[in-house]
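Trainee: Could you take me through one part of this chain at close range? I'd like to start from a single residue and its salt bridges, and then see how the rest fits around that.

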Amino acid sequence: MAEHNPFPGENNTGHVWDDNLRELKNPPPRWWMLGLWASILWVVGYSLLYPSWPVGQEPTPGILGWSQMKEYQEGMAQVEAKRAKFEDQIKGMSANEILADPGLKQYTLASAKVLFGDNCSACHGSGGQGNPGYPVLADDDWLYGGTTAKIAESIAIGRQGAMTPHKDILTEAEIDTLAKWTVQMAETNGEGGSEEGWNLFKTKGCTACHGQSGNGVLAELPGGNIVTVGAANLTDGIWRFKPGGYESARYTIVNGVNQPSNPDARNAVMPAFGQTGQLTDQEIKKLVVYVHELGGGQ
């Protein structure tokens, strides 16, 4: 094709398409070549200074010895050094003592927020508002008591209350009466339950778990502690299982709670974060303070 170049004297390769499109042999602009060589030199320099090329399972280390992990560890060491004075103080204090110290309380709340997000928010919501099927921690309703000791128990050893399914114990009419009575109690703060409902509540063994007054408290102890098995307070209008109301109450009465033999039973299990080693004693103490303040603990 070069012998029949229609553009003689032009610095082209002789390749011509569509009569006049041809490939020239002009060199790239000088600025472009300088940029090319500069980028090559930059890559070589970077490869010598920083980790770059994979060799087996690890990259070449680089002359500077820098790595993202090393930078992360150095940053964490700086953070830990700043936290150390607070952490050392907290280590020898109880949750109640921390709550009484404004400075340490503020530090603990800030520190525990991350722990709550990592371990608790999946069930209880990022602000303690409770995801569907899980208790709200941002109110003042406590199934097992809201003292720091009780909250620590819940986090460390977990909770797994149980309620017997009554579908084979009660008649349909009795189930209907108790479900309606439960709604009446919730709507009137425990003052408006029907006499028929109260009779069933007391004669069918409900008081053994929900207490004589239906508030879930079996006994009150000095210091604000209570004796409870975690049964719901039927007098405060707060429903453990949403959406609440007659149908929800009836379902719980019929199928019970945490009954492996009944696949329709409600599930309500709190993991034992202390016994499993998922959280340290220090972390549990921080979460106790955090949860206590979320719900205005006792």
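Mentor: Here is a walk that starts at one lysine and then moves out along the chain. Keep in mind that this is a predicted model.

Let's begin with K150, which sits in helix α6, residues 148-157. Is K150 buried or exposed? K150 counts as buried because its relative accessible area is 18%, and the cut-off for buried is under 20%. Leaving out neighbours within four places in sequence, K150 is in contact with Y144, G145, R159, N225 and I226.

Now for the charges. K150 makes a salt bridge with E153, and the closest N and O atoms are 3.9 Å apart. Both residues belong to helix α6 and are three residues apart, about one turn of the helix. E153 is partly exposed, at 32% relative accessibility, whereas K150 is buried. The pair doesn't stand alone either: K150, E153 and R159 are linked in a network of salt bridges. You've met R159 already, as one of the residues that K150 contacts.

How many salt bridges does the structure hold? There are nine, and two others are handy to set beside the K150 pair.

Take E80 and R83, whose closest N and O atoms are 3.7 Å apart in their salt bridge. These two are three residues apart in helix α2 (residues 68-91), so about one helical turn separates them. E80 is partly exposed, with a relative accessible area of 39%, and R83 is partly exposed too, at 34%. UniProt, in an unreviewed entry, places a "coiled-coil region" at residues 69-96. In the model that span is 89% helix and 0% strand, and its end C-alpha atoms lie 38 Å apart.

Then there's E174 with K204, where the side chains meet in a salt bridge at 3.7 Å, N to O. This pair links distant parts of the chain, 30 residues apart: E174 is in helix α7, while K204 is in the loop between α8 and α9 (207-210). E174 is buried, with a relative accessible area of 19%, and K204 is partly exposed, at 33%.

Next, the record's view of this stretch. The unreviewed UniProt entry carries the annotation "domain: Cytochrome c" for residues 107-186 and 192-295. Over residues 107-186 the chain is 52% helix and 0% strand, with the end C-alpha atoms 38 Å apart.

A few backbone oddities are worth a look on your screen. Most residues other than glycine have a negative phi, and most peptide bonds are trans. N189 has a phi near 55 degrees, a positive value in a residue other than glycine. You'll find N189 in the loop between α7 (172-187) and α8 (195-203). N258 also isn't a glycine, and its phi is positive at about 55 degrees; this residue lies in the loop between α10 and α11 (281-294). What about cover: is each one buried or exposed? N189 is exposed, with a relative accessible area of 55%, but N258 is buried, at 10%. As for the peptide bonds, the one joining K242 and P243 is cis, with omega at about 5 degrees. P243 is in the loop between β6 (226-227) and α10 (246-255).

Finally, swing over to the other end of the domain picture. The assignment gives domain 1 as residues 2-59 and domain 2 as residues 172-269. Taken over C-alpha atoms, 80 Å separate the centres of domain 1 and domain 2. A nonpolar surface patch of about 1,200 Å² is made by W31, W32, L36, W37, I40, V44, L48, L49, I63, L64 and W66. One of its members, L49, is in helix α1, residues 30-49, and counts as partly exposed at 33% relative accessibility. P59 lies in strand β4 (residues 58-59). P59 is partly exposed, with a relative accessible area of 39%, and it touches P51, S52, W53 and P54, not counting residues up to four places away in sequence.

If you go back to where we started, hold on to this: K150 is buried, and it shares a salt-bridge network with E153 and R159.

Definitions and conventions. Residues are numbered from 1 along each chain as its sequence is written. This is a predicted model: local features need pLDDT of at least 70, side-chain atom pairs count only at pLDDT 80 or more; totals for chains, interfaces and linings use all residues. Side-chain values use heavy atoms; hydrogens and water are left out. UniProt positions are given in the numbering used here, feature names are shortened, and annotations may be inferred rather than shown by experiment. Helices (H or I, at least four residues) and strands (E, at least two) are DSSP runs, numbered from the N terminus. Patches are made of residues with over 30% relative accessible area and no salt bridge: like charges are joined within 9 Å, nonpolar side chains (Val, Leu, Ile, Met, Phe, Trp, Tyr) within 5 Å. Accessible areas come from the Shrake-Rupley method with a 1.4 Å probe; for residues, only the protein chains shown count as cover. A salt bridge is a side-chain nitrogen of Lys or Arg within 4 Å of a carboxyl oxygen of Asp or Glu. Buried means under 20% relative accessible area, exposed over 50%, partly exposed in between (1.4 Å probe, protein chains only). Domain bounds come from an automatic or database domain assignment. Contact means heavy atoms within 4.5 Å.
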